[in-house]
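Visitor: I would like a short tour of this model. Let us take it one question at a time.

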Amino acid sequence: MTTQQPAAGTARQSAWPDISVNGGRAVGVDGGVDTRAPLTATVTVPGDKSITHRALLSSLITESPVEVRNANPGGAVRALLDPLRLLGFSVRWSGGSLIVEPDAAPEGGEVGESGEPVLDVGGSSAAGRLLIGVLAGKGISAIVDGDAVLRQRPMEWVVEPLRELGARIDYLGAAGRLPVAVRGPVRRSVPITLRVGSAQARSAVLLAAVGAGLPVEIGHPVRSRDHTERLLAALGADLVEDEQLLTYRGGALKALPVIEVPNDPSLAAYPAAAHLLWGDGSTLRLPGVCLNPTRLGFFEVLRKAGAAIRYEDRAVVAGEQIGTIVVEGGLDGVGPFAVEDEQTFHSLIDEAPLLAAVGTRLPGSSRIGASAELVFKETNRLLTTQEMLRGFGADVTVSDTSIRVEGGAPLTAATVDGFGDHRIAMTAVTLGCALPGRTTVLGGACHTTSYPGFAEDMAAIGADIERDGE
Ligand code: S3P
């Protein structure tokens, strides 16, 4: 399996409004009077994007209704809703829940040459890759396509192993890229070896195998986020997990009519980082967050470096650990960090730009290694992280597999590009919150991909933030 590297970060996607933030924090605001007293702030971040995607797809796998409570409301999740409708499911919001029911008349839409539906997943790689897996498992013929950015991202991670399992999948454009046509199901039980740590790749293969009831052994380099495994086990799949080997042995599937999605740790990281960067002695509480260890790298790396982060109110909901993340104080006494292994890297893969931003405010040299897969995100995040942080004056250098940050460089508020990439944009706004003066993030409103209420939540903990034109 070869994967070509895309060029540098994409050019600015100016369709999104800019976001500006005036650095500093209003704490203890009482009746309009800023008392400057430390406060305890609580932010409830949205439901987890990855778990929402998997919960929605469980309806397609079990062919039964599901109510996905506390569904992530962002664009990446919405990208999966029309494809489900085109496959004959009704999908509607009811409060914070998404209700998915089979047996609706498939909505008309674009069709391919053989009459198969064209399922456009916009810019969401998770929606695209996981959907390809489910289609190949259930033997549903369809074309999966995405927007111009997603069309540049690797699909061979998913398509090649599914072909090894006997699925018929054709590239309709460039090899290894969307659009692809899924034309025949997986049917050969052969051992699969994945070379990338991508959870989406492993999940797609597993979803296909379980959807088809086809026992399979999947060798993989790293135990990246394991929400698919947890959900499928809850549905009745017989899974055995060993170091770097995942075995599916069959098992009758049952429906899960209600899936409660915990709050998203990758989104909780932004208010947590702002809080640490402000460091004004107050306390931040982030309740109901998914505490799955495969997702907690951002918090754990900083906790081990000395940040006052702890977990309270622990519980298990729908096979996932949840709890309140409590962040106290700031970065005083926190040392530099080094991420060297793939396991830790994958547990903070989406927070790598943010962790690098925090590193700019730590003493000494911090490093995020094992990070080659950042090249394949919405932008080449090695490069876009470097460029965005350098815009503030940070001393950052990247290689093909790492980001190095020399802490202590004097940073100033700036106008920087969000590159149309929600993680880069939210990182830039978060860093700007702590720098005196006004920071503008061009196209910053692309945060709606995963966190539509980002600006409101940041304002609620004291950020002076505004969307262009407001
Ligand atoms: C995701 C897995 C990760 C992550 C993405 C969501 C998932 O991507 O970056 O935001 O839902 O499985 P990769 O699998 O490409 O590493």
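Guide: One point before the questions: this is a predicted model. Let us start in a loop. A318 sits between β18 (308–317) and β19 (320–328).

Visitor: What is the phi of A318?
Guide: A318 is in the loop between β18 and β19. Its residue type is other than glycine, yet the sign of phi is positive. The value is near 50°.

Visitor: Is A318 buried, partly exposed or exposed?
Guide: Buried needs under 20% relative accessible area, and exposed needs over 50%. A318 has 45%. That value lies in between, so A318 is partly exposed.

Visitor: Which residue in the loop between β5 and α2 should I look at?
Guide: The loop runs between β5 (66–69) and α2 (75–78). One residue placed there has a positive phi of about 60° although it is not a glycine. With a relative accessible area of 28%, this residue is partly exposed. It is N70.

Visitor: Which two residues does a cis peptide bond join?
Guide: Look at the loop between β10 (168–171) and β11 (180–184), where P179 is placed. Omega is about 0° at this bond. The pair is L178 and P179.

Visitor: Now the ligand. Which residues around the ligand are the closest?
Guide: The ligand is surrounded by 13 residues. The closest are S50, R54, S198, D350 and K377.

Visitor: How far is an oxygen atom of the ligand from an N or O atom in the side chain of D350?
Guide: Three polar contacts can be listed by partner. For the side chain of R54, the distance is 2.6 Å. For a polar backbone atom of Q200, it is 2.9 Å. For the side chain of D350, it is 2.5 Å.

Visitor: How much of the ligand's accessible area does the protein cover?
Guide: On its own, the ligand has 380 Å² of accessible area. The space it takes is the largest pocket. The protein's cover comes to 95%.

Visitor: Which element gives the most to the shell around the ligand?
Guide: The elements that give two or more residues are α1 (49–62), α4 (125–138) and α6 (199–212). The top contribution is 3 residues. It comes from α1.

Visitor: D48 is in the loop between β4 and α1. Which backbone nitrogen lies 2.9 Å from a polar atom of its side chain?
Guide: D48 has a relative accessible area of 0%, so it counts as buried. Leaving out residues up to four places away in sequence, D48 touches N72, H227, V261, P262, N263, D264, P265 and R295. The backbone nitrogen asked for belongs to I51.

Visitor: H227 is among those contacts. Which residue follows its helix, α7?
Guide: Helix α7 covers residues 227–235. Its buried residues are H227, T228, E229, L231, L232 and L235. The residue that follows has a positive phi, near 115°. It is G236.

Visitor: Which residue caps the N-terminal end of α12?
Guide: α12 spans residues 381–391. A side-chain oxygen of the capping residue lies 3.1 Å from the backbone nitrogen of L382. The cap is N380.

Visitor: What do the buried residues of α12 pack against?
Guide: The buried residues are R381, L382, T384, T385, Q386, M388 and L389. Just after the helix, G393 takes a positive phi of about 100°. The packing partners are α11 (352–359), β22 (395–398), β23 (403–406), β24 (415–417) and α13 (422–433).

How values were computed: Residues numbered from 1 in each chain as written. Predicted model: local features only at pLDDT ≥ 70, side-chain atom pairs only at ≥ 80, totals over all residues. Heavy atoms only, no water. Buried < 20%, exposed > 50% of the residue type's maximum accessible area, 1.4 Å probe, protein only. Helix = DSSP H or I, 4+ residues; strand = E, 2+ residues; numbered from the N terminus. Contact = heavy atoms within 4.5 Å. Polar contact = N/O pair within 3.5 Å; in protein donor to acceptor, adjacent residues only side chain to side chain. Near = heavy atom within 4 Å. Areas by Shrake-Rupley, 256 points an atom, 1.4 Å probe, with all protein chains shown as cover. 1 Å grid on protein atoms, 1.4 Å probe; cavity = no way out; pocket = protein on both sides within 12 Å on 5 of 7 lines; lining within 4 Å. Sits in = over half its atoms within 2 Å of the grid points.
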